[in-house]
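Subject: The structure for you to look at

Hi,

Here's the structure I said I'd pass on. Have a scroll through it, then read my notes below.

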Amino acid sequence: MATFLYKLGRLAFRRRHFVALIWVALLTLAGVGAASAPAAGTTSFSIPGVEAQKAFDLLEQRFPGASADGGTGRIVFKAPEGQKMTDAANRATVEKTVDALGDGSEVASVTDPFTTGAVSKDGTVAYTSVKYDAPGMELKDSTRDALEKAGDDARATGLTVDVGGDALQAGAEPGAIGEVIGLAIAAVVLVITLGSLVAAGLPLLTAIIGVGIGVSTITALAKALDLGDTTSTLALMIGLAVGIDYALFIVSRYRSELAEGRDREEAVGRATGTAGSAVVFAGLTVVIALAGLAVVNVPMLTKMGIAAAGTVVVAVLIALTMIPALLGYAGKRVRATGEKRRSTGDRTGDRTGDRTGDRTGDRTGDRTGDRTGDRTGEKTGEKTGAGTGEKGRQGKQTKPGLGVRWASFVIRRPGAVLLLGVVGLGAIAVPATQLELGLPDDGSQPTSTTQRRAYDLLSEGFGPGFNGPLMIVVDAKNSDDPKAAATTVTDGIKDLKDVATVTPAMFNKAGDTATITVIPGSKPSSTQTEDLVHAIRDQGTDVRADTGAQVLVTGTTAMNIDFSQKLNDALIPYLGLVVGLAFLLLIVVFRSILVPLKAALGFLLSVLAALGAVVAVFQWGWLGGLIGVEETGPIMSMMPIFMVGVVFGLAMDYEVFLVTRMREAYVHGESPSQAIVTGFRHSAKVVAAAAIIMMAVFGGFISSTESMIKMIGFGLAIAVFFDAFIVRMAIVPAVLALLGKKAWWLPKWLDRALPNVDVEGEGLKTQADAASSCDGDEDRELVRA
């Protein structure tokens, strides 16, 4: 692997014009394809296999044209103090609003609160419901605008009017401002870390190009592959993250190779062969984590995961080819400004060596030929320049960096560091044992939004359950008496706990299917409502045995409950697949059993600690005021599996980059303790920079007014902090120090069976020694000649 990438890096360096042209052409092609592609349209959110989805599908068949999965809008009216909604003027306003809504596009039906009884007992609150042909996330902007305008017109008459329902939930769009802020923070961190504007600009440039190609390709294929608007969101975030990371590590390694006196092409080759090998395997772990989302069997998540995985592949290819090409353009300007000032001796040595080499090469070339002379001149120049530069460097001893000092401290007290790290993260993870999963509704919105105010008005006038009605579908096709079966279901539900209202059954034209609306006594996201759904389903089993009718529970609330349960059930298989495959991959990379095991266990510890922090803040409300959490409640059901996928990929990035440098030093003859220090000397600074960039990007989403976005931003930022700075920077070196040589133990039979991918670049050293020996033989032949 290292030898192949070494040759690839040198080829890209020499053919940099061609390589750059290819990537620019690909970016242009993807951009033109995205601009000329037909509009993606809309995609239905479906969850195959769950009861709520089966009920929706059945309603589509038995109630054609009813738009069972269509979006809903709700306008809630409240009369001024001392008035009622049944007063003539207020009633006229409501009826005018109903007429205006009925004229809108995509509208299937509009209810009149005075004919449907949607007026509170005290007469102060009323609401009208709008049913749409398309799901809420797929409605046109003009349809949402019409709903909001109807509310504004009614509000102008003096009523308190607010709008709610899933019709206002627009499809998720990438946060352009958040990404710009993230890029700006990344630029600052890169400049501070690398000390060079040129070096800092390369990772940003290549990451933007990679994301541009990935997202544009997704947009171009959206119509053909039925990709929704949300598909590119994860690809954008992850592609930007890993694109910066991968380029940063290769650029950093290139600077280290230059500092050791190698010429630019050789430095590029070695950087691509060593750091590039780590990039390949780190990218593979991210691809495994993202593509593994297909295990959940939710089409939306599968498409998001595969699209993001494709963008990661593009980021890896760009890091291995375009970065070496751009380094060819940049020359030695990628070196830090301070390093340039300190390396006067290096430059003097380089110039002296170059002049000496040129003169020697010219004289020798006159006698033995241009080709031999050029080769000898280059060799002599490199040796002379390197030697003079080395003397310049030896003249001044540099103080050990923070990474070296920290690694030395951990090696002296590994037990204490390990205990403190594990106990600390374990304590933070404790709240995760009380994790409650659910999906956010309007009740979790900030109180400043109209959706939240409409939610509160409905709760005030009709009870909290009105915000999440349950739809019971009675499939009586196999029943001898469908009406009796529906009556049995209705009577049984009335006897259950936490039931506020049960409407009479409504049959379809064929008379074989009925729908019953149940209003729970508790809010949609409560555990009481979830218990009620399970109780109705349990009762349905007895009804089917007695009458032959099948009872299904659906509606937005039931769908959310089923979705949460499906994700919860898929978490363990997903973890097993992702961690298992990555474990096998890391065995090949590190040629060790204990190092990959330690990496996997450390990841689980950091994710559990992050989930514990999320539960403490968003479910329990601890310190919620500091980040603007206005309403506590269940944790978003996608959060655990989403965090596992994203954080696992980034965690394995940090693991591979940090530990491969330790492995490289160990293979090249250093003791286990020395190898740990060497790994930190070369990698800790850039790993910390990469983690800070990711934390800043994710942390930018905490300021969002959307509870879900805020939760994702906080969860990912805190998870990266735990994994990068506690697990990788403290627990990992402590464990390696305690294990010593045992950390790199591998059974002999397994060592023979595994392919040798040579991530540490041992093949490059052998190749260099062989080349040096060959050059020495040539020198002797020239002298004799």
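Let's begin with contacts (heavy atoms within 4.5 Å): of those in the chain with a separation of 6 or more, 79% are between residues 24 or more positions apart. Bear in mind that this is a predicted model, where local features need pLDDT of at least 70 and side-chain atom pairs count only at pLDDT 80 or more, while totals for chains, interfaces and linings use all residues. Residues are numbered from 1 along each chain as its sequence is written, and side-chain values use heavy atoms, leaving out hydrogens and water.

The chain has 785 residues, and 53% of them are buried (under 20% relative accessible area, with exposed meaning over 50% and partly exposed in between; 1.4 Å probe, protein chains only).

Next, the cores. A nonpolar core is a set of buried Ala, Val, Leu, Ile, Met, Phe, Trp, Tyr and Cys residues joined through side-chain atoms within 4.5 Å. The largest has 190 residues, and Tyr246, Ile472 and Phe603 touch the most other members. Leaving aside residues up to four places away in sequence, Phe603 touches Asp723 and Arg728, among others. Apart from that core lies another of 22 residues, including Met85 and Val161.

Now have a look at helix α4, residues 88–102 (helices are DSSP runs of H or I, at least four residues; strands are runs of E, at least two; both are numbered from the N terminus). Its buried residues include Asn90, Val94 and Leu101. Seen down the axis of α4, the buried residues fall within an arc of 135 degrees (using directions from the helix axis to the C-beta atoms), so they line one face. On the other side, Ala88, Ala89, Lys96 and Asp99 are exposed.

Cheers

Note on methods. Expected span 1.5 Å × (residues − 1).
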